[in-house]
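Let's take a walk through a protein model together, one stop at a time. Keep the 3D view open and turn it as you read.

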Amino acid sequence: MAVLPIRKYGDPVLRTRAEEIDVSEIAALEALIDDMVETMYAEPGVGLAANQVGVAKRLAVIDLTVGEEPGNVHVLINPELHESEGEQFEEEGCLSIPDFVELVSRPERVRVTYLDREGNAKEMWGEGLMARAICHELDHLNGVMFVDYLRGMKKDRILKKIQKLVKAGEWY
Ligand code: NI
């Protein structure tokens, strides 16, 4: 297993719509999945999408315990959102935009279907932080980042700070 470098805001792969994964491909993704989980724990973070490590495929990993409690890692292949309920407004961050958090509105509950790492069709309801993590990772797979939801001066301020860091070479 290996910790992979995380692509940062400004990298085109983060703006790419990730491709569907064929069931026959899943076995070949074992090493990537393990590396993504290790990378998520090393950062540390609660979720990671494949395009954040440069692979534009519809795959994400989530572990709200960041590896503290075994058995909490969710591997989501081709995740699809089917239902959402309620609203939550909490601070959100992203490993591809390090050291920035902003308030983002998300549904309180979501129902998602996906394939697990064995290729089994699964369905789950996520609530609270899990709902937020699912929406955040699904966005990544569609080339969307949480700063896209910010508006006005807040957005200008955060993008200016990011551009300054990119220019200074502090992100790469
Ligand atoms: Ni993110």
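Which residue with a positive phi follows α2? That's Gly 143, with a phi near 80°. Before we go on, bear in mind that what you're looking at is a predicted model.

Since we're already at the end of α2, let's look at the helix itself. α2 has 13 residues, and from its first C-alpha to its last it reaches 18 Å, close to the 18 Å you'd expect at 1.5 Å a residue. Is this helix mostly covered or mostly open? It's mostly covered, with twelve of its 13 residues buried. Among the buried ones are Met 130, Arg 132, Glu 137 and Asp 139, along with His 136 and His 140.

Those two histidines take us to the metal. The nickel ion has three protein donors, namely Cys 94 through its SG atom and His 136 and His 140 through their NE2 atoms, at 2.0 to 2.3 Å from the ion. Written as a pattern along the sequence, the spacing of the donor residues is C-x41-H-x3-H. Cys 94 belongs to strand β4 (residues 88-94) and His 140 to helix α2 (residues 129-141), so this pair ties together parts that are 46 residues apart in sequence. Cys 94 and His 140 are both buried. As for the short gap in the pattern, here's a handy bit of background: an α-helix has 3.6 residues a turn, so residues three or four places apart point the same way.

Now for some empty space. Rolling a probe the size of a water molecule over the atoms shows where empty space is left. In this model the largest pocket holds about 340 Å³ of space. Its lining is made of 21 residues, and those nearest the centre are Val 46, Gly 93, Cys 94, Leu 95 and His 136. You've met two of these names already: Cys 94 and His 136 are also donors of the nickel ion. The elements giving two or more residues to the lining are β4, β5 (97-106) and α2. Which of them gives the largest share? It's α2, with six residues. Sorted by class, the lining has ten nonpolar, six polar and five charged residues.

While β5 is in view, stop at Glu 102, which lies in that strand. With a relative accessibility of 11%, Glu 102 falls under the 20% cut-off and therefore counts as buried. Setting aside residues up to four places away in sequence, Glu 102 touches Glu 90, Glu 91 and Glu 92, as well as Phe 146, Leu 150, Lys 154, Arg 157 and Ile 158.

Next, swing over to helix α1 (residues 30-42). Its 13 residues should span 18 Å at 1.5 Å a residue, and the C-alpha atoms at its ends are indeed 18 Å apart. Where do its buried residues pack? They sit against β1 (47-49), β2 (59-62) and β3 (74-85). One of the buried residues of α1 is Thr 39, and its relative accessibility is 0%. Leaving out neighbours within four places in sequence, Thr 39 is in contact with Ala 2, Val 3, Leu 4, Ile 6 and Leu 48.

Past α1 comes the loop leading to β1, and Pro 44 lies in it. The peptide bond from Glu 43 to Pro 44 is cis, with omega near -5°. That's worth a second look, since most peptide bonds are trans, and most residues other than glycine have a negative phi. Gly 45 is in this loop too, and at 10% relative accessibility it counts as buried. Gly 45 touches Met 40, Asp 63, Val 66 and Leu 95, not counting residues up to four places away in sequence.

Follow that contact to Val 66: its C-alpha is 6.3 Å from that of Gly 45, although the two are 21 residues apart in sequence. Val 66 lies in the loop between β2 and β3, and at 23% relative accessibility it counts as partly exposed. Its phi is positive, near 50°, in a residue other than glycine. Asn 78 has a positive phi of about 50° as well, and it is not a glycine either. You'll find Asn 78 in strand β3, where it counts as buried at 10% relative accessibility.

Conventions. Residues are numbered from 1 along each chain as its sequence is written. This is a predicted model: local features need pLDDT of at least 70, side-chain atom pairs count only at pLDDT 80 or more; totals for chains, interfaces and linings use all residues. Side-chain values use heavy atoms; hydrogens and water are left out. Donors are N, O and S atoms within 2.8 Å of the metal (3.2 Å for Na, K and Ca); water is not among the atoms, so sites may look incomplete. Helices (H or I, at least four residues) and strands (E, at least two) are DSSP runs, numbered from the N terminus. Buried means under 20% relative accessible area, exposed over 50%, partly exposed in between (1.4 Å probe, protein chains only). The expected span of a helix is 1.5 Å times one less than its number of residues. Contact means heavy atoms within 4.5 Å. On a 1 Å grid over the protein atoms alone, a cavity is a set of points where a 1.4 Å probe fits but cannot get out, and a pocket is an open set with protein on both sides within 12 Å along at least five of seven lines; lining residues have an atom within 4 Å of a point. Grid points are joined across faces, edges and corners, and a volume is the space filled by probe spheres set on the points. Ala, Val, Leu, Ile, Met, Phe, Trp, Tyr, Cys and Pro count as nonpolar, Asp, Glu, Lys and Arg as charged, and the others, Gly among them, as polar.
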